[in-house]
4 protein chains.
Amino acid sequence: MTGSSTRLWGGRFTSPTAADMAAFNDSFRFDERLADFDIRGSMAWSRALAQAGLIDETECNTLLQGLQQIASEFEAEIFGIHVGDEDIHTAVERRLTELVGAVAGKLHTGRSRNDQVATSFRLFCLDSSHQLQQRLRELQRALLAQAHHHIHTLMPGYTHLQRAQPMTFGYWCLAYIEMFDRDYTRLEQAAQHMRVLPLGSGALTGNSLNIDRQALADELGFDAISTNALDAVSDRDFVAELLFVAALTGTHLSRMAEDLILYSSAEFGFVELADAYSTGSSLMPQKKNPDSMELLRGKSGRLMGNLVAILTVLKGLPLAYNKDLQEDKEPLFDSIDTLDLGLHIAAAVVISMQMNPERMAAALEDSMFATDLADVLVRQGMPFREAHHKVGQLVRHALHSQVSLRALPITDYQSIHPGFDETIYALFDAHQSVAQKNSIGGCSPERVNEQIARWEATLAWC
Amino acid sequence: MTGSSTRLWGGRFTSPTAADMAAFNDSFRFDERLADFDIRGSMAWSRALAQAGLIDETECNTLLQGLQQIASEFEAEIFGIHVGDEDIHTAVERRLTELVGAVAGKLHTGRSRNDQVATSFRLFCLDSSHQLQQRLRELQRALLAQAHHHIHTLMPGYTHLQRAQPMTFGYWCLAYIEMFDRDYTRLEQAAQHMRVLPLGSGALTGNSLNIDRQALADELGFDAISTNALDAVSDRDFVAELLFVAALTGTHLSRMAEDLILYSSAEFGFVELADAYSTGSSLMPQKKNPDSMELLRGKSGRLMGNLVAILTVLKGLPLAYNKDLQEDKEPLFDSIDTLDLGLHIAAAVVISMQMNPERMAAALEDSMFATDLADVLVRQGMPFREAHHKVGQLVRHALHSQVSLRALPITDYQSIHPGFDETIYALFDAHQSVAQKNSIGGCSPERVNEQIARWEATLAWC
Amino acid sequence: MTGSSTRLWGGRFTSPTAADMAAFNDSFRFDERLADFDIRGSMAWSRALAQAGLIDETECNTLLQGLQQIASEFEAEIFGIHVGDEDIHTAVERRLTELVGAVAGKLHTGRSRNDQVATSFRLFCLDSSHQLQQRLRELQRALLAQAHHHIHTLMPGYTHLQRAQPMTFGYWCLAYIEMFDRDYTRLEQAAQHMRVLPLGSGALTGNSLNIDRQALADELGFDAISTNALDAVSDRDFVAELLFVAALTGTHLSRMAEDLILYSSAEFGFVELADAYSTGSSLMPQKKNPDSMELLRGKSGRLMGNLVAILTVLKGLPLAYNKDLQEDKEPLFDSIDTLDLGLHIAAAVVISMQMNPERMAAALEDSMFATDLADVLVRQGMPFREAHHKVGQLVRHALHSQVSLRALPITDYQSIHPGFDETIYALFDAHQSVAQKNSIGGCSPERVNEQIARWEATLAWC
Amino acid sequence: MTGSSTRLWGGRFTSPTAADMAAFNDSFRFDERLADFDIRGSMAWSRALAQAGLIDETECNTLLQGLQQIASEFEAEIFGIHVGDEDIHTAVERRLTELVGAVAGKLHTGRSRNDQVATSFRLFCLDSSHQLQQRLRELQRALLAQAHHHIHTLMPGYTHLQRAQPMTFGYWCLAYIEMFDRDYTRLEQAAQHMRVLPLGSGALTGNSLNIDRQALADELGFDAISTNALDAVSDRDFVAELLFVAALTGTHLSRMAEDLILYSSAEFGFVELADAYSTGSSLMPQKKNPDSMELLRGKSGRLMGNLVAILTVLKGLPLAYNKDLQEDKEPLFDSIDTLDLGLHIAAAVVISMQMNPERMAAALEDSMFATDLADVLVRQGMPFREAHHKVGQLVRHALHSQVSLRALPITDYQSIHPGFDETIYALFDAHQSVAQKNSIGGCSPERVNEQIARWEATLAWC
């Protein structure tokens with residue numbers, strides 16, 4: 001039995017918390033991670049209490065010194081947990097009492113765990129968002145370095161996993177830089193919602209203590225102050241948003257992983273991952289597997305699961321705070337950690353992988369120039385749709401003859417349409433085909449170079 | 001058997017599409033809904049082709065007139081669908097050919113369905129986001145009207161569904177206005193990502209036709225132009241974002257619904273929904289059920305399901321476009337429609353419901369002033385934690401004696417702590433307790449009035 | 001305004017249902033689909049009322065004839081919907097009144113829509129489960145036919161998408177037959193839970209009419225009778241189970257689709273889907289895309305989304321029936337329809353696809369016999385782990401020398417371990433390697449033949 | 001850098017695994033939990049190798065003794081983890097080598113981690129399923145004990161959270177016993193699928209060693225043997241099934257939690273949870289919150305999230321084993337642990353809670369007998385629908401008059417219908433109304449007693 005005497009709220013109760021209930025209820029084992037942010041919040045609150053005249057200067061300093069000491073203990077990993085440390089807030093207040101005596105009991109004046117934890121958790125999420133943004137930049141930089149090397153490295157572009165049109169590997173890299181940049185922006189947008197201070201909301205209706213909430217916000221780095229306490233203590237939108245951005249980033253990683261798993265198969269043979277990021281088989285001596293990318297692809301599952309978890313928790317909850325909300329933390333911690341390491345691994349894999357330009361070039365085939373053939377007819381005034389159909393017939397003819405388009409004699413072309421002449425054989429040149437895709441967003445080296453320059457500027461100063 | 005001859009791509013094929021495959025593959029039955037946006041995109045593309053010299057002025061006008069005619073047919077709901085109308089794009093091109101002849105075949109020059117559908121769908125999503133924002137404002141206005149009437153209507157505030165502290169119903173209304181305002185902001189943020197033009201990306205690598213994409217963006221109302229075609233044709237982040245905002249809005253609606261279902265129970269009795277938004281029982285003649293709110297609570301399920309659907313679709317897809325992406329539309333359409341009607345119903349319910357101030361006031365009880373009692377001791381210098389414990393003992397004593405706190409004689413108070421005197425009986429005044437919660441975000445009428453004024457200003461001009 | 005006078009429950013109400021509320025609340029547009037099952041339930045209920053003496057024989061016959069007439073109208077698709085037809089139950093009762101007059105008002109005696117819809121929906125789900133089982137058998141038979149043809153068709157087996165060990169395409173087919181058989185079994189298990197009759201539960205506490213529920217169960221084909229009405233009217237476990245089986249079946253389809261999409265890429269080239277189940281590109285004339293399989297892979301998304309939807313709906317609902325439960329139908333209908341067509345398409349694709357045994361055989365490579373090489377040393381007494389390491393070194397040596405294992409001279413083998421001799425070159429024989437995998441569950445033709453025989457027996461009589 | 005030399009598969013590799021990759025890849029930190037099952041599998045495999053003549057008796061005994069020693073070390077929690085312990089299998093083999101030398105390297109003959117982990121994980125899941133079944137029985141017994149005490153304790157039954165008809169609290173208890181019994185049955189069904197042995201499948205195509213798989217199955221307690229290795233090593237249906245049953249059980253717990261949270265509100269006041277399973281507020285001294293039930297309700301979120309995680313992992317995976325599948329364990333462990341403690345807490349809360357029969361009885365109101373009033377007219381031959389409408393008018397009249405139905409004079413009744421007489425006042429008797437609900441599944445004490453007897457028999461022998 002955990003004595004309720006060590007809990008913050010025991011006065012009204014006749015029986016202590018059951019041991020199994022403590023195991024079910026207590027959150028210190030995971031919310032310990034909020035220690036730094038909780039203590040920062042308490043230090044700011046101490047100063048706010050002093051400013052409002054609710055404690056004197058000496059008391060304030062005593063509290064601040066005690067809190068500083070506790071922060072040091074957490075940093076040095078020597079903070080001793082006690083039976084009855086229900087959560088990080090209780091543990092800190094308990095330790096503070098040990099360190100500074102009864103004055104510790106003044107810290108919680110006008111504050112509830114509801115606004116306290118909302119504040120600490122927002123600070124944590126802000127910190128995590130910033131950390132993930134750095135990780136996204138790390139991955140973008142790795143992709144940019146590969147893009148640099150492969151501006152002219154030809155490879156098939158695929159749609160429906162069928163060879164479609166020639167492009168370059170540098171262009172492929174830029175596609176993923178774009179995706180991860182949207183994730184970066186979404187983190188920034190999510191952070192805007194995090195930067196609203198709930199502290200001072202009391203349990204649900206605000207406080208009556210003339211606390212200067214603007215000063216609190218300034219000290220803790222919030223941009224705004226919540227304007228309705230009932231909402232502020234039960235709002236977990238910022239958690240759901242962060243989990244959504246994490247889940248969507250996870251789908252991007254899963255797409256890149258899929259591409260690289262395909263490309264490192266023997267059938268594609270476009271890339272070889274570094275040994276350092278591959279593993280072998282316990283049975284088959286020849287195997288070298290792209291485990292890093294498979295795990296990355298798989299981890300999209302937990303990122304989606306964590307998002308579903310928080311949305312389910314929120315569904316149907318009445319106002320205001322309900323204990324269900326304690327279930328907000330573990331999914332978030334898991335998603336942050338998964339993404340933090342996952343993005344780093346992705347960057348490490350990308351920077352260390354070896355492309356195989358010969359295999360990539362060899363995968364180009366004549367049929368990929370079919371659209372260029374159609375354009376010949378279009379330039380002669382034929383509607384594109386008809387030209388498309390004519391070239392489709394050529395492709396069918398070549399397939400049935402089991403030869404490539406280039407190997408068909410000009411007479412075959414002309415039997416489909418007399419407008420074809422020998423100049424069409426010059427079309428089967430991937431470098432030229434790529435260079436012509438010169439619209440904004442196209443795969444031509446000229447456009448790719450422009451984009452590389454843009455990204456270098458963007459990624460340089462972060 | 002649907003003849004492939006009516007399809008856009010049949011030249012290369014020897015057998016037509018199977019009838020069951022057509023049923024599985026064809027999307028016209030649902031993407032017909034994009035007709036307006038698809039036609040707008042095609043009109044812009046016609047002008048771009050003309051500007052680039054790929055069609056002449058006459059051809060351009062012919063295409064524009066034909067497209068205008070088709071738009072009219074859709075508006076008048078007389079557009080006739082044909083076997084072989086694989087999707088909205090195919091249907092429009094087929095009809096255009098009927099109307100203007102072979103020149104219709106020039107429209108698709110340099111364009112693929114990949115960039116075409118991405119453009120149409122973004123336009124649709126933008127339109128839907130704007131529509132949902134109006135619905136959110138409608139609901140916020142309904143809540144604001146109720147807030148106005150109930151600035152002084154006392155009721156218990158709840159945490160853990162236990163009576164916690166006195167507040168007002170006006171304050172409750174403001175909490176939901178806050179939530180829905182975050183949803184409004186999220187829609188705005190999501191719309192920023194939608195306003196990037198993919199048109200001109202071709203199938204996956206851009207185009208070589210000197211199309212002026214900036215002019216396209218300007219004509220169609222996009223803020224920016226995609227800078228990597230490979231990404232642009234396979235990016236569905238904007239769908240996932242919109243589905244996420246819809247799902248999160250759904251949890252907010254489910255919370256409000258839960259509150260109103262509770263409040264309309266006989267046990268609470270705080271509110272009676274209008275007959276027009278309630279239903280009865282087929283068996284029990286006395287029943288009046290808050291079905292509107294139950295449905296609203298339940299519909300959070302499909303909103304979450306639709307989000308999971310799109311994220312699952314995206315998981316593990318290689319670049320670039322894959323047909324899996326056709327599964328992006330039905331979940332989105334369903335979430336938009338669900339939320340569009342759901343938000344409107346919520347507004348209609350809120351504006352027409354009758355509060356019962358007597359029942360709300362009667363639900364206040366003495367123990368809700370316990371924190372105020374603790375503050376008496378705090379003002380005498382007692383640490384809050386100790387004061388909390390003392391008052392907890394008083395509460396326990398009152399419970400065991402089966403009397404309310406107010407009914408305990410002063411001697412009982414003083415036996416707990418001598419600092420109590422007769423003035424404490426004046427604390428049991430909910431209006432006064434509420435008025436003292438005067439910090440920013442607090443429930444005092446003064447603060448609530450400020451917030452109402454702020455929301456009036458915000459909601460007035462939209 | 002929809003007049004409440006046409007509703008089943010209007011007596012207590014002073015205002016009619018609002019038109020927007022009717023649009024939000026009414027379910028006839030989708031639960032019309034339950035018509036047959038609803039009418040069967042009503043016919044059984046009529047007989048039960050007669051048996052209990054609550055209506056006389058004449059009245060019973062009148063009701064039965066009227067219901068039969070309505071069933072015919074639904075079958076002939078001439079049932080006319082009226083304003084106020086809130087749901088299928090209301091519509092049927094309204095029409096019955098038109099047909100037989102006031103006696104129609106006796107049908108609902110002792111019955112509520114709560115037990116009525118639970119009954120109809122269970123009957124629908126049973127029917128759907130049976131239908132899906134037939135579809136699974138159809139797909140298994142298609143796979144079995146391919147297995148028959150390809151008992152000896154060599155191909156690489158993959159793990160981590162890396163070539164691992166030789167196997168046959170027949171063996172691949174059997175793997176999927178196994179998966180879909182588990183789905184078949186799960187449908188059977190789910191159906192067991194569906195076959196519990198809720199009819200007779202009244203609104204929530206049972207009925208007092210001496211209805212013979214056993215006779216109802218017998219007539220309607222239920223195996224058991226619910227034993228707690230409170231549970232029976234609010235139990236939707238059977239819906240969640242069916243949606244789960246559908247979602248898991250969807251992941252199996254997505255895996256098979258992924259394999260076939262990979263195998264139909266130019267890089268693998270193992271299979272060509274029939275033209276009838278492929279589509280082309282609107283832009284690129286050469287493209288032939290495996291759209292059928294991509295859609296199948298993508299539809300796993302909506303199947304998962306529908307499961308999440310129902311679980312979210314159920315979360316946190318108090319007893320007993322709540323209107324939220326009306327949200328159980330659309331996700332289920334969608335999953336049933338998706339799977340019904342999806343399984344059929346999968347079967348059609350499998351039966352019509354053309355394998356390319358030459359490409360499959362060509363994909364075998366020497367390193368896939370590395371485990372067989374290790375077994376040579378194991379048979380000489382070397383611990384497997386050491387043998388694995390030795391052969392791993394051989395593989396590395398061959399990779400660096402850019403030759404295949406078979407091309408390494410025997411001296412290279414012997415420098416790794418003297419136990420190797422010339423007989424090892426005979427190991428590089430895929431047919432032999434496959435034949436040796438002769439344990440139960442192994443890929444040898446002997447075992448595959450056994451399994452084919454077993455499946456033929458299983459699939460023959462269904 | 002973790003040296004690859006300690007890994008099972010290093011021979012082919014030139015560079016060791018990167019430290020960050022080891023952190024990303026290695027699973028020992030969580031799959032250590034499979035130690036017992038892994039060792040059991042290895043002991044069975046040792047005997048199978050000996051039986052097949054692949055190792056001699058002495059070697060077999062050496063392996064068995066070494067494995068036994070390792071099992072003891074895990075049990076005593078003294079097993080020392082080393083750098084390079086990639087997973088539980090590697091760690092055990094590494095330790096075995098330390099203990100018995102090179103013969104340890106023979107253990108992995110013909111076995112891969114693919115079939116090994118599938119076997120261990122199935123054994124774990126079977127064990128967990130059995131454990132959860134015991135927990136369900138514990139909860140059912142707690143509910144049964146309460147049912148016993150409250151066969152005659154009247155309370156309102158609710159639909160739409162509106163008072164509907166009288167019932168008893170014993171009947172409420174039985175509803176939940178039913179729900180949890182379905183979960184029990186589902187676990188049994190899921191376990192049937194788990195009891196299929198994958199061991200002997202090798203990496204993906206079976207083995208060539210004449211291993212007696214039936215003997216393995218018998219020793220390890222499996223009912224059947226997998227018949228296709230390709231499927232067997234990549235099948236995680238049993239994980240998805242278990243996670244689904246957990247998620248559905250979670251929704252049942254969330255429903256019971258919701259009921260008890262409602263019932264412990266001041267407005268309902270039907271129940272008081274034990275102090276031992278409640279907690280207080282850090283700010284408000286009077287609060288006693290049903291945290292145990294709120295957490296239980298909230299934990300449905302993570303249970304659903306874990307199900308989504310595994311289904312997402314499986315989506316789109318090609319055959320056979322892919323490393324993504326390593327993501328199967330943490331969600332499963334989390335769901336098992338969540339449910340194991342959650343069910344126990346639910347039982348402890350149910351058994352210790354105090355019902356308040358006075359408050360429950362007081363919540364009955366006259367309108368709940370409206371259906372009984374309608375039955376009076378029905379017995380006089382009036383169609384139920386008309387009777388329903390008549391009584392609905394009476395209810396409306398009473399509401400407008402602000403009196404209860406019982407307080408309306410008989411003349412008011414007769415003005416609605418002359419068939420009413422003074423005997424109707426006797427209907428307002430909840431005990432009698434409840435007793436009349438005497439159909440199978442009804443709430444009458446007679447039926448409830450029957451059900452209690454049935455459950456006592458069922459729950460007695462488990």
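## A tour of two interfaces and one helix

Across the interface of chain C and chain D, the rule finds twelve salt bridges. Keep in mind as you go that this is a predicted model.

**Stop 1: chains C and D.** Stay with this pair and zoom in on D:Glu241 and C:Arg186, whose side chains meet in a salt bridge at 2.7 Å, N to O. Polar contacts join 59 residue pairs across this interface, both partners being at pLDDT 80 or more. To see where chain C's side comes from, colour its elements: strand 1 (154–159) and strand 2 (162–168) are among those that each supply at least two residues, as are helix 7 (169–194), helix 10 (237–263) and helix 16 (384–401). The residues on that side of chain C comprise 43 nonpolar, 43 polar and 21 charged.

Now select everything in contact: 107 residues of chain C and 107 residues of chain D. Together the two chains bury about 9,000 Å², with 58% of it on carbon and sulfur atoms. On the chain C side, show C:Arg255, C:Leu319 and C:Arg385 as sticks; these lose the most area to chain D, together 8% of what that side buries.

**Stop 2: chains A and D.** Next, bring up chain A beside chain D. Here the contact involves 66 residues from each of chain A and chain D, and the buried area is about 5,600 Å², 61% of it from carbon and sulfur atoms. Pick out A:Phe24, A:Ser282 and A:Leu295, which supply 14% of the area chain A buries against chain D, more than any other three residues.

Ten salt bridges are counted between chain A and chain D. One to centre on links D:Arg297 with A:Asp324, where the closest N and O atoms are 2.7 Å apart. The polar contacts here number 32 residue pairs, both at pLDDT 80 or more. Which helix of chain A gives the largest share of the side that touches chain D? Select helix 12 of chain A, which contributes nine residues. By type, that side of chain A has 25 nonpolar, 24 polar and 17 charged residues.

**Stop 3: helix 4 of chain A.** Finish by selecting residues 57–75 of chain A, a 19-residue helix that reaches 27 Å from first C-alpha to last, close to the 27 Å expected. At its start, a side-chain oxygen of A:Asp56 comes to within 3.1 Å of the backbone nitrogen of A:Thr58. Buried residues along helix 4 include A:Leu63, A:Leu67, A:Ile70 and A:Phe74, as well as A:Glu59 and A:Glu73. Show helix 2 (28–31), helix 3 (35–51) and helix 5 (88–100) of chain A to see some of what covers the buried residues. Just past the helix, A:Glu77 takes a positive phi of about 55°.

Key. Residues are numbered from 1 along each chain as its sequence is written. Chains are lettered from A and ligands numbered from 1 in the order in which they are written. This is a predicted model: local features need pLDDT of at least 70, side-chain atom pairs count only at pLDDT 80 or more; totals for chains, interfaces and linings use all residues. Side-chain values use heavy atoms; hydrogens and water are left out. Helices (H or I, at least four residues) and strands (E, at least two) are DSSP runs, numbered from the N terminus. The expected span of a helix is 1.5 Å times one less than its number of residues. Buried means under 20% relative accessible area, exposed over 50%, partly exposed in between (1.4 Å probe, protein chains only). Contact means heavy atoms within 4.5 Å. A polar contact is a pair of N or O atoms within 3.5 Å; within protein, one must be able to donate a hydrogen and the other to accept it, and residues adjacent in sequence count only if both atoms are side-chain atoms. Buried area is the accessible area (1.4 Å probe) that two parts lose on being put together, summed over both. A salt bridge is a side-chain nitrogen of Lys or Arg within 4 Å of a carboxyl oxygen of Asp or Glu. Ala, Val, Leu, Ile, Met, Phe, Trp, Tyr, Cys and Pro count as nonpolar, Asp, Glu, Lys and Arg as charged, and the others, Gly among them, as polar.
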